[in-house]
Amino acid sequence: MRLPNAAVGDAQTSGFGWDVLTDLVDVGSRMAGQAGERRGAEVVRDALERAGARDARIEEFEIPGWWRGDSSLSIHEPHERVHDGQQDVLALPGCPAGEATGRVVDVGDGTYEEFEEKAEELDGAIAMASSATPESVDRWIHRMEKYVNAADHGAVAFVFRNHLDGSLPPTGEVGYHERPGPIPAVGVSCEVGKRLARYAEEGCEATVSVDCRNEATTSVNVEAEVGPDTDEHVLLTAHVDAHDIADGANDNGAGSALVAAVGRILARDDVELDTRVRLVTFGSEEIGLWGAYHCAETTDLDDTNCVVNLDGACSSRNLRVGTNEFEEMGSVFEAVTDDLDASLSTDDTISPHGDQWAFVQEGVPAVMTSTTSEQSGRGWGHTHADTLDKLDSRDLRDVAVQVAEAVARLAAADVETPGRSRAEMRDAIDEGYEQELRMGGRWPYADLE
């Protein structure tokens, strides 16, 4: 199947998706479980209605919420220095409120080997790790692993330092299934982190202070539909929440805007779909994939042919697809980008990071769709700098066409995307990711053991 030329031409000249993105970033904070997230959901719902999707609605569910207060990092020795205010220090969502004083132990990039090398020094200390993953490691080591390793080694607090210049402290959840995590945690900029690392070589004592609130609340998903009213369906998803420190433009306002823009293309009268496409934007991805899990738990997964999840998909117009070893889905994207003379990079690693994981762990074919960037790691993501000015409306239009073409093909009756059993998924997961999931109490296969 190919989209009609008229549909492609309209998508390439329409400002619809960019207008949705602009409306989302102008909401302000869209922190999970808070008022701004609901306002963002309302923006998406209204956009889906304008796009011509049917039954656009908001669904509420419970989550363990987290509210940011003031945090500080006070250096006592070898030189007194106080870093406070959100431009200097950011608490990591899911951590507890509290204050801890100890010597600063720099564990470099926070690999498992580096933690073991410093094991005797970490008990009662403040552990500091970079946001980088060294090239010698064959997979990304997530912030959550570093936090859990710090706590497991007896650290009283955790400092997560950005490896990219620009005075941008990073944020991000700490990764425990049970909230809150055990020790206070903050993100600091590359510059503050380098100062701490230098002081740590001389013997550095500091105090980490976090004021925050862990409290039950509710979050929201948005859903609408296009195509025929079939039981079988394809899911096109993104998350609408964002960390409260920035616009959340690329992570993941752009993903939600793309769901609406793709929905507008697929809702056209001249686009024929064989299978229903559910358009869903999740709440609470940034603090534990709660919206995706709610959707997976309330969906008949036997009727879910596949999932295309969009996250960070507007840093360029060049698609990157993580296939989670679902080769048939990867082949569809390869065919689309070949036909459109577009760029594509792929990765078949089964990754627990992103909303698609709630479906992948159950054996449902699902891919993470993003775009490539020249920046290392998250780039501007999870910092104050994830703002609209970093993105380009032309990239969003190009990505919308490519994703719409892929989803339309995945919804075709003659395209098969076979799933796997839960046991097969368990056995296929890399040992490193299994270790990470077990560390945070997020291993989903205890019932199979």
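Helices, here runs of at least four residues, and strands, runs of at least two, are assigned by DSSP and numbered from the N terminus. With that in hand, let's look at the charged side chains of this predicted model. Side chains of opposite charge can pair when their charged atoms come close. Across the whole structure, a search finds 31 salt bridges, and a few of them are introduced below, along with a patch of negative charge and a buried arginine.

**A negative patch on the surface**

- Seven names to find in the structure: Glu 272, Asp 274, Glu 327, Glu 328, Asp 348, Asp 414 and Glu 416 form a negative surface patch.
- Start with Glu 272, which sits in the loop between helix 8 (249-266) and strand 10 (276-282).
- Glu 272 counts as exposed because its relative accessibility is 63%, and exposed means over 50%.

**Salt bridges between distant parts of the chain**

- Glu 223 and Arg 57 form a salt bridge, with their closest N and O atoms 3.4 Å apart.
- This pair links distant parts of the chain: Glu 223 belongs to strand 8 (residues 205-226) and Arg 57 to strand 1 (residues 54-77), and the two are 166 residues apart.
- Glu 223 has a relative accessibility of 10%, so it counts as buried; the cut-off for buried is under 20%.
- Its partner Arg 57 is partly exposed, with a relative accessible area of 28%.
- Another salt bridge joins Arg 422 and Glu 362, whose closest N and O atoms are 3.1 Å apart.
- Because Arg 422 lies in helix 13 (residues 422-428) and Glu 362 in the loop between helix 11 (357-360) and strand 14 (366-371), the pair ties together parts that are 60 residues apart in sequence.
- Glu 362 counts as partly exposed, at 26% relative accessibility.

**A pair of neighbours, and a network**

- Asp 389 forms a salt bridge with Lys 390, and the closest N and O atoms are 3.3 Å apart.
- Asp 389 is exposed, with a relative accessible area of 59%, whereas Lys 390 counts as partly exposed at 32% relative accessibility.
- Elsewhere, Arg 2, Asp 339, Glu 405 and Arg 409 are joined into one network by salt bridges that share partners.

**A buried arginine and its contacts**

- Arg 68 is found in strand 1.
- With a relative accessible area of 15%, Arg 68 is buried.
- The side chain of Arg 68 makes a polar contact with the side chain of Asp 244, at 2.8 Å.
- A polar atom of the Arg 68 side chain also lies 2.8 Å from the backbone oxygen of Ala 91.

Note on methods
Residues are numbered from 1 along each chain as its sequence is written. This is a predicted model: local features need pLDDT of at least 70, side-chain atom pairs count only at pLDDT 80 or more; totals for chains, interfaces and linings use all residues. Side-chain values use heavy atoms; hydrogens and water are left out. Patches are made of residues with over 30% relative accessible area and no salt bridge: like charges are joined within 9 Å, nonpolar side chains (Val, Leu, Ile, Met, Phe, Trp, Tyr) within 5 Å. Accessible areas come from the Shrake-Rupley method with a 1.4 Å probe; for residues, only the protein chains shown count as cover. A salt bridge is a side-chain nitrogen of Lys or Arg within 4 Å of a carboxyl oxygen of Asp or Glu. Lys and Arg count as positive and Asp and Glu as negative; His and the chain ends are not counted. The place of a charge is taken as NZ of Lys, CZ of Arg, CG of Asp or CD of Glu. Buried means under 20% relative accessible area, exposed over 50%, partly exposed in between (1.4 Å probe, protein chains only). A polar contact is a pair of N or O atoms within 3.5 Å; within protein, one must be able to donate a hydrogen and the other to accept it, and residues adjacent in sequence count only if both atoms are side-chain atoms.
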